[in-house]
Each structure stands twice: as structure tokens, then as C-alpha cells.
Amino acid sequence: MTSGSTGSEEAAGTDDAADELPAVAPQLRELRRRAGLTLEAAAARARLSPAHLSRLETGRRQPSLPLLLGLARTYGTTVSELLGETPAVADPIVRAGGPGAREADGWTYWQAGGSGRGMQALRVHVPHGRSQGELVRVHPGEEWLYVLDGRLRLHLGDTEHFLEPGDSAHFDSLTPHRIGAASSGGADLLFVHTLLQSSLAGLCLGGSTTTSTHRP
């Protein structure tokens, strides 16, 4: 493949190794839309021009391997997914004795959904007095939570809500939000988020995580 451009990003898109790669345009478009990014925003994150990213998405140019790695990081995915490789079929059942509890800023959570899915499902214990102060979260996607036990305090924008067992909430994650336990024994909930690439630190659950083997 040849190119008349001398720009660094154009050269990156015409590496000889790219000739051996399958077309990635459909995956690039789908991953950008799934992330809720405009062409301009995605290009800025990947350090490309919107015109160059558009050419990649329409198949008029193939990315080099280094560029594939950069795009995978931008969309929080893998090069395999960008290349359209089909992953192994995931086990649809998550057993009670599966992965142990993990902790984040005093919160405890258990995996309630399979990995590699378009939704992240967790069972969470929110301890009393660990509501993260004034920290709020804003990020793409949707969140749904269902209170199992205890009383939950949910801040959505400028409004504060109190949820009892059996109550649920479903909201756009671009709405500034924060949750905490309003009962002395803490609160237990089911939590689902639609954006696969969001790490625990990016959700309303807090920061770094540690692994534990205890169960509630």
C-alpha cells in the first residue's frame, strides 16, 4: 500500500504490516458509537485528525499495528476485538462460590455477571460512613441499581433520593451522581452498568481495588 502523505499519522496508517490485516472499519465505527464518542472526540483521544479517523472507519485506509494498539486503548478494548475475532463462548452462569469479594475504598463487591460482556453486573455492599464525601461521577453509559438490604442515599444532579429494599434506580451516567449508605449497617445492592470499558474506578464505586476471599 502506498501513500502520498508525509504526515506522521498518515505514515502510521500505511505501515507494510497493515497490508496483512483484515478490514477493521466496521469494528472501529461500532466501538466509537458504543463509547458514545463523536468522530472529533475519538480522534482527539487517539491523537489523530478527524479526517484520518474517518478514512479508517470507512475502509479507505488500513491502520498499522501500532495504530491498532492506540485505538484499542482509546476504546478500552483489545486488538482482537478491533480485528473482529470471535471470542470463545462465555459461560452464562455465575456461581455463588465463584470469584471472591473485592474491595474499593471500603466498599465490597462481588461479580454478578460474566466477563467480556456489554454490561458490568456487580453485587455491592456499601458501608455506612463511606459515601466518598463530595466525590461525584460523570461518564458515558447507563446505570441501574436495586437495593437488597439497608437504606441507600442516591444523589442525582442536585436531587437527593433515599431508596429502601426493593427500590431501584435507572439513570444516565452523564448525570452527576453519588451513592452512599443511609443506614448504620450499610446497604447491599445489585448494580449494572452498560459501558464495558469502565473500570471500577470510573464508576460510582470508588478507586483502587484489592481482592479478598470473604463473603457477606
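## The overall picture

Let's start with a head count: this protein's secondary structure adds up to 6 helices and 10 strands. Keep in mind as you look around that the model is predicted.

How much of the protein is buried? Of its 216 residues, 38% count as buried. As for the outside, the protein exposes about 11,400 Å², and carbon and sulfur atoms supply 51% of that area. The chain also brings distant parts of its sequence together: among contacts between residues at least 6 apart in sequence, 67% join residues at least 24 apart.

## Two nonpolar cores

Here is a handy bit of background: in soluble globular proteins, nonpolar side chains tend to be buried together. In this model, the largest nonpolar core has 19 residues, and those touching the most other members are Leu-28, Leu-48, Leu-53, Leu-56, Leu-71, Tyr-75 and Leu-82. Which elements give two or more residues to this core? They are helix H2 (25-34), helix H3 (39-46), helix H4 (50-57) and helix H5 (65-74).

Another core lies apart from that one. This second core has 17 residues, including Leu-122, Val-126, Leu-152 and Ala-169.

## Helix H3, a helix with two sides

Now zoom in on H3. Its buried residues are Leu-39, Ala-42, Ala-43 and Ala-46. If you look down the axis of H3, these buried residues fall within an arc of 100°, so they line one face of the helix. The spacing has a simple background: an α-helix has 3.6 residues a turn, so residues three or four places apart point the same way.

What do the buried residues of H3 pack against? Their partners are H2, H4 and H5. Turn to the other side of H3 and you'll find Ala-44 and Arg-45, which are exposed. Just after the helix comes Arg-47, with a positive phi of about 60°.

## How H3 meets its partners

H3 and H4 pack with their axes 9 Å apart, at an angle of about 105°. That makes H3 roughly perpendicular to H4, because angles from 65 to 115 degrees count that way. On the H3 side, the contact is made by Leu-39, Glu-40, Ala-42 and Ala-43. H4 brings Pro-50, Leu-53, Ser-54 and Glu-57 to the contact. Notice that Leu-53 also turned up among the residues touching the most other members of the largest core.

H5 has its own set of buried residues: Leu-67, Leu-68, Gly-70, Leu-71, Ala-72 and Thr-74. Just after H5, Gly-76 takes a positive phi, this time of about 65°.

## Two residues to look up

Find Ala-182 in the loop between strand S8 (177-181) and strand S9 (187-193). Is Ala-182 buried, exposed or partly exposed? With a relative accessible area of 24%, Ala-182 is partly exposed, because that label covers values between 20% and 50%. Leaving out residues up to four places away in sequence, Ala-182 touches His-128, Arg-151, Leu-152, Arg-153 and Phe-162. Take His-128: 54 residues separate it from Ala-182 in sequence, yet their C-alpha atoms are 6.7 Å apart in space. Leu-152, another of these contacts, is one of the members of the 17-residue core.

Next, look for Glu-143 in strand S4 (residues 142-149). Is Glu-143 buried or exposed? Glu-143 is buried, because its relative accessible area of 1% falls under the 20% cut-off. From C-alpha to C-alpha, Glu-143 and Gln-120 are 9.5 Å apart, with their positions 23 residues apart in sequence numbering.

How values were computed: Residues numbered from 1 in each chain as written. Predicted model: local features only at pLDDT ≥ 70, side-chain atom pairs only at ≥ 80, totals over all residues. Heavy atoms only, no water. Core = buried A, V, L, I, M, F, W, Y, C linked by side-chain atoms within 4.5 Å. Buried < 20%, exposed > 50% of the residue type's maximum accessible area, 1.4 Å probe, protein only. Helix = DSSP H or I, 4+ residues; strand = E, 2+ residues; numbered from the N terminus. Contact = heavy atoms within 4.5 Å. Areas by Shrake-Rupley, 256 points an atom, 1.4 Å probe, with all protein chains shown as cover. Arc of directions from axis to C-beta. Axes fitted to C-alpha atoms, helices over the stretch in contact; angles between N-to-C directions. Parallel < 35°, antiparallel > 145°, perpendicular 65-115°, else oblique.
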